[in-house]
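Here's a quick briefing for anyone opening this structure for the first time. Have a look at the view below, then read on.

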Amino acid sequence: MKRYVTLLVSALFVLSLGCSDDSGNQDNNGTSNNNSMTNNGTNNDSNNEPEFMCPNEGELVCDNRCINVTFNMDNCGECGNSCAVGSQTCDGGACQCLGDNTLCGNRCFDTSSNREHCGTCDNECDISEACVDSNCILVSDRSEVTGVLQETNTVRSSSQDCGEHGPKSAVGGLQLNDELMIAAQGHAEDMAENNFMAHEGSDGSSPGQRADRANYTGGSVGENVARGYRTPEAVVQGWLDSDGHCNNMMNGSYNEIGIGYAVSNGGEAFWVQLFGRR
């Protein structure tokens, strides 16, 4: 009986040791394996989660919201693709130019009158040319330029009352000058493109500096600018009705002129007279 009990205790001790080893191995390896499987399983579950889908056709998730990208101005065709307000609209998932304007790069231009995109996006007129009806022509040949020249010389051919500058006697006519034409046309286009009217250019330039850049070698210059007038007759009359502009036009020391004319994308006309003497 004593021997039996001893054997039984020994057997239990061996069994206990065996269970302890098995349990320990399982705790270490099993825990490690379980953790590994849990981590991998968690990652796999995350990767396999279905993406949130917008319920309606044409919608994408942009900034955690469903946006219809077929007509949204800030997300046109794809998230973050913005169309230019005032010149573009989002139609069918693409930014489209308003009116008859043409998309060149990421901006809209009226290729019937834009000198840098005349007729087509890649056709740029020479510096001495303007874009008229989608064709490059010499600025001096434009009806607006010849009209202003004719009206200005008509004004100068008779005496005028320039208000605070007093009465002005008739003076000789003006001749077009190529360098003054380049400077005047450049300033007219600058004002039209950037929607402002001033003697100072968008780059801070003065009339004299623009004349210098165009290689004008004459004496001091004077400038008249205007916007909104639709015809040469109307703009020259507007200048004549203003004392300071009238004084410039009737200045007998000037014998040369450059005339600039440009139209903004919105259809507004901008005019420049740049007087010089030689």
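Tyr254 and Phe275 are both buried. Keep in mind that this is a predicted model. Their ring centres sit 5.4 Å apart with the planes at 15°, so the pair is stacked. They also bring together distant parts of the chain, as 21 residues separate Tyr254, in the loop between helix H6 (243–249) and strand E13 (256–263), from Phe275 in strand E14 (residues 269–276).

**The other aromatic pair**
- Searching the whole structure turns up two aromatic pairs.
- Besides the stacked pair, there's Tyr261 with Trp271: their ring centres are 4.5 Å apart and the planes meet at 55°, so this pair is tilted.
- Tyr261 belongs to strand E13 and Trp271 to strand E14, with the two positions 10 residues apart, and the pair links distant parts of the chain.
- Are these two residues buried or exposed? Tyr261 is buried, at 9% relative accessible area, and Trp271 is buried too, at 0%.

**The big picture**
- The protein has six helices and 14 strands.
- Out of 278 residues, 32% are buried.
- Take the contacts between residues at least 6 apart in sequence: 46% of them join residues at least 24 apart.
- The accessible surface adds up to about 16200 Å², and carbon and sulfur atoms account for 46% of that.

**The largest pocket**
- The largest pocket holds about 910 Å³ of space.
- It's lined by 42 residues, and those closest to its centre are Asn114, Glu189, Asp190, Glu193 and Ala262.
- Which element gives the most to the lining of this pocket? That's helix H3, with 10 residues.
- Strand E6 (107–109), strand E7 (129–132), helix H3 (178–194), helix H4 (207–213) and strand E13 each put at least two residues into the lining.

**Helix H3**
- H3 has 17 residues, which at 1.5 Å a residue should span 24 Å; the end C-alpha atoms are 24 Å apart, so the two agree.
- Its buried residues are Leu180, Met181, Ala183, Ala184, Gln185, His187, Ala188, Asp190, Met191 and Ala192.
- Asp190 therefore turns up twice: it is buried in H3, and it is among the residues closest to the centre of the largest pocket.
- The cover over the buried residues of H3 includes helix H2, strand E11 (175–176), H4, strand E12 (222–227), E13 and E14.

**Helices H2 and H5**
- Helix H2 (residues 143–156) has 14 residues and should span 20 Å at 1.5 Å a residue, which agrees with the 20 Å between its end C-alpha atoms.
- Buried in H2 are Glu144, Val145, Gly147, Val148, Leu149, Thr152, Val155 and Arg156.
- In helix H5 (residues 232–240), the buried residues are Pro232, Val235, Val236, Gly238, Trp239 and Leu240.
- Those buried residues of H5 pack against H2, strand E9 (160–161), E12, H6 and E14.

**Two loop residues with positive phi**
- Ser134 isn't a glycine, yet its phi is positive, near 70°.
- You'll find Ser134 in the loop between E7 and strand E8 (135–138), where it is partly exposed at 29% relative accessible area.
- Asn215 isn't a glycine either, and its phi is positive at about 70°.
- Look for Asn215 in the loop between H4 and E12; at 58% relative accessibility, Asn215 counts as exposed.

How values were computed:
Residues numbered from 1 in each chain as written. Predicted model: local features only at pLDDT ≥ 70, side-chain atom pairs only at ≥ 80, totals over all residues. Heavy atoms only, no water. Helix = DSSP H or I, 4+ residues; strand = E, 2+ residues; numbered from the N terminus. Buried < 20%, exposed > 50% of the residue type's maximum accessible area, 1.4 Å probe, protein only. Contact = heavy atoms within 4.5 Å. Areas by Shrake-Rupley, 256 points an atom, 1.4 Å probe, with all protein chains shown as cover. Phe/Tyr/Trp six-rings, centres within 6.5 Å; stacked < 30°, edge-to-face > 60°. Expected span 1.5 Å × (residues − 1). 1 Å grid on protein atoms, 1.4 Å probe; cavity = no way out; pocket = protein on both sides within 12 Å on 5 of 7 lines; lining within 4 Å. Points joined across faces, edges and corners; volume = space filled by probe spheres on them.
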